[in-house]
Amino acid sequence: MTSDKVYAGDTESATGKEITISDGNPFAGRKAGGGTRDQIFGTTVYGSGYPGQEDVHGVAGRDFPFFYWPVVWTPAAFNMPGRPSLPAYIHLADEEYGPPSNDSRPGGPLTTIFLPSLDSTTRTSFRLISDNYTITTLLPTLRNNCASHLSMFTDIHPKAFDNSFPIPKPEDVVQYYRGSSIALCLDGYNNTQVLMRPREVDDATFPLRTDIALMSCLNSTIGSSAPLVGDRVNAAPSRLWTDDPMSGMGVSLIFVGVWWFFAML
């Protein structure tokens, strides 16, 4: 789906100069920032969407090119009889980034929205997962841009993603974005190839009669409108920014949602 890149506004919007997280802070020594909007697209692989690291699986120990933390898939809701267990590269992420409900996550706890197709004959439904700020920011744009494809008879509103129900699942993901911090899922996709490491076969085909027009619209809208720290087109509101006295690198604006990167002395 990465071939459907359609950008609005400033396609070179960036998250600012790459910095190193200072000692004494969570994830000290890792890099943060530097990602640009034209690098936002990943693949179906958990751990994609990291600039220049297209073939890497998993998110453990990774840097934060877009500042946002990757989504997490906890194993409890998915390790059911008759279903493959989540491989370590997927389920160990919650040990590092906390559960989906972790409110110290930049942008807030993980949230999901249900996005059904207007064409009921396709029986197509998508679900989008990301932090609460990203979901609530994207929702009006998705409704506007994809109005001709989305069912307006469904009350589309964010709800907590707590892994308590086995939809969506890692094998439902059709696209990761922004350092795997956003996941677009298709109900019934069942791409169990992503549960292998390394991947040995190509992705599964989409279910019959999948609404490709809706998928393309959602994909391009997420790519062009997902909030980026430092983005002049679609960034966090000004109240979420502050001066950073610790970077020593001339970085004047830092997203308060990642305050833990730069705890005051």
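What percentage of the 265 residues in the chain is buried? Buried residues make up 52% of the chain. Here buried means under 20% relative accessible area, exposed means over 50%, and partly exposed lies in between, with a 1.4 Å probe and protein chains only.

This is a predicted model, in which local features need pLDDT of at least 70, side-chain atom pairs count only at pLDDT 80 or more, and totals for chains, interfaces and linings use all residues. Residues are numbered from 1 along each chain as its sequence is written, and side-chain values use heavy atoms, with hydrogens and water left out.

Start with the overall layout. The chain has 4 helices and 9 strands. Both kinds of element are DSSP runs numbered from the N terminus: helices are H or I with at least four residues, strands are E with at least two. From the N terminus, the order is β-β-α-α-β-β-α-β-β-β-α-β-β. Contacts often link distant parts of the sequence: of those with a separation of 6 or more, 65% join residues 24 or more positions apart. A contact means heavy atoms within 4.5 Å.

Now the interior. A nonpolar core is a set of buried Ala, Val, Leu, Ile, Met, Phe, Trp, Tyr and Cys residues joined through side-chain atoms within 4.5 Å. The largest such core has 30 residues, and Y46, W73 and Y97 have the most contacts inside it. Four elements give two or more residues to this core: α1 (88-91), α2 (93-97), β6 (173-177) and β7 (182-186). A second, separate core has 27 residues, including I40, F66, L128 and C146.

Y46 is a good residue to follow. Neighbours within four places in sequence are left aside here. Y46 is in contact with V56, H57, G58 and V59, among others. Its partners also include V71, V72 and W73. Further along the chain, Y46 meets Y89, I90, A93, Y176 and S180.

Y50 sits in the loop between β2 (31-32) and α1. Y50 is buried, with a relative accessible area of 4%. Leaving out residues up to four places away in sequence, Y50 touches V59, R62, D63, P65, P70, G179 and S180. The C-alpha atoms of Y50 and Y176 are 9.9 Å apart, although 126 residues separate them along the chain.

One partner of Y50 is G179, which lies in the loop between β6 and β7. G179 is also buried, at 3% relative accessible area. Beyond neighbours within four places in sequence, G179 contacts S48, G49, Y50, F66 and P70. G179 and V71 are 108 residues apart along the chain, yet their C-alpha atoms are separated by 9.2 Å.

Next, look at a helix pair. The axes of α3 (residues 132-145) and α4 (residues 212-225) come within 10 Å and cross at roughly 140 degrees. Axes are lines fitted to C-alpha atoms, for helices over the stretch in contact, and angles run from 0 to 180 degrees between N-to-C directions. The crossing angle therefore makes α3 oblique to α4. Angles under 35 degrees count as roughly parallel, over 145 as roughly antiparallel, 65 to 115 as roughly perpendicular, and the rest as oblique.

Which residues of the two helices meet? From α3 come L138, T141, L142 and N145; from α4 come C217, L218, T221, I222 and S225. By class, this contact has 5 nonpolar, 4 polar and no charged residues. Ala, Val, Leu, Ile, Met, Phe, Trp, Tyr, Cys and Pro count as nonpolar, Asp, Glu, Lys and Arg as charged, and the others, Gly among them, as polar.

Finally, some less buried places. A160 lies in strand β5 (residues 159-160). At 55% relative accessibility, A160 counts as exposed. Apart from neighbours within four places in sequence, A160 is in contact with L110 and T112. A160 and T112 are 48 residues apart in sequence and 6.2 Å apart in space, C-alpha to C-alpha.

The loop between β7 and α4 holds N190 and R209. Most residues other than glycine have a negative phi. N190 has a positive phi of about 60 degrees although it is not a glycine. R209, also not a glycine, has a positive phi of about 70 degrees. N190 is partly exposed, with a relative accessible area of 44%, and R209 is exposed at 52%.
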